[in-house]
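Reader: Got a minute for this one? Let's put it on screen and go through it.
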Amino acid sequence: MKSLSESLQGMMKNRNVASSVDQIVRRVHADPDVQAFLEENRDQITPEMVKSAQSKLYEFYHEKQLREKGMATVAPGYTPQLILNSGQIDVTYVPTKQLIERERQRHIKRLVRSIHMPKFIQNASLDDFYIDDEHQTATRMAALKAAVEFTESYPSEQFMPGLYLYGNFGVGKTYLLGAIANELAKKKGVATTMLHFPSFAVEMRNSIRDNSASQKLEAVKKAPVLMLDDIGADAMSKWVRDDVLGIILEYRMQEELPTFFSSNFSMDELEKNHLAVDNQGDHEPLKAQRIMERVKFLSREMTMTGENMRPK
């Protein structure tokens, strides 16, 4: 397929269409943007350069007209721009503001990596977190305040612990974690990994068959910011508790990486009623205590209360 420049050059060589070409050239030179470019660079542009660049000037004009009419162009999402290139007038294509914004939004979404998380976290926002009088509670506002303080202060030269949010179903724990992740991506360009821990535990057990468990564990434990959702929802095996959760938390404690949790249990309840008893019914309080030491180092406990919003 011929370029616009080649097509116009061919037209110019055909005497039968000379008058049409002259009309096109006059329209091109009357274009305000073409005139502005020629005037801005008049000290560098000669009449010979303009004559030899008629096809380039037409390409710019033609593509600009298509964009203004909302028609298909040779480079969707880009706008033509006249430039001087090695002493010649040329056309380049630069991304539009709309394309730049779309790419920015795609980049933000890629920064928030979610594993087995509900779809609604994609649009979770701190600005929409139960700020109305009907749903606002003291504990929700305290948790929101702590979330805002974290997102505004991160990153810091000093270690910044995450939050351990606990409370009943539907009070907004998962939503708030998603809002924090989106805020970090949008304002700070920080990558966050969010995972539903019970589902991740199942995935880790299944990944033993294809020898991918260690690779997945490495990716999760090294996340710049990690959020473990719904921890304690299911009984853990010794292997998940010690060789999955324990390894993740040990690494993040040593490297001082921010880690967030959500749970239906307080820290004390998680330790005594869940981590201390595995799915076989065996009691191992010392191992539970070891896990909780890391949880307490990595996060600060906050309760959340309020109406269950899930039915709505």
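Author: One term up front: buried means under 20% relative accessible area, exposed over 50%, and partly exposed in between, with a 1.4 Å probe and protein chains only. This is a predicted model, where local features need pLDDT of at least 70, side-chain atom pairs count only at pLDDT 80 or more, and totals for chains, interfaces and linings use all residues. Residues are numbered from 1 along each chain as its sequence is written, and side-chain values use heavy atoms, with hydrogens and water left out.

Reader: Ser266, then. Buried or exposed?
Author: Ser266 counts as buried, because its relative accessibility is 10%.

Reader: Where does Ser266 lie?
Author: In the loop between β7 (259–263) and α12 (267–275). Helices (H or I, at least four residues) and strands (E, at least two) are DSSP runs, numbered from the N terminus.

Reader: And what is Ser266 in contact with, leaving aside neighbours within four places?
Author: Tyr164, Tyr166 and Glu301. Contact means heavy atoms within 4.5 Å.

Reader: New topic. How many aromatic pairs?
Author: Eight. Rings of Phe, Tyr and Trp (its six-membered ring) pair if their centres lie within 6.5 Å; planes under 30 degrees apart are stacked, over 60 edge-to-face, the rest tilted. Phe150 and Tyr154 are stacked, at 5.4 Å centre to centre and 15° between the planes.

Reader: Why is the pair Phe150 and Phe260 edge-to-face?
Author: Because their planes are at 85°, with the ring centres 5.0 Å apart. That pair links distant parts of the chain: Phe150 is in helix α7 (residues 138–153) and Phe260 in strand β7, 110 residues apart.

Reader: What is the relative accessible area of Phe260?
Author: 0%, so Phe260 is buried.
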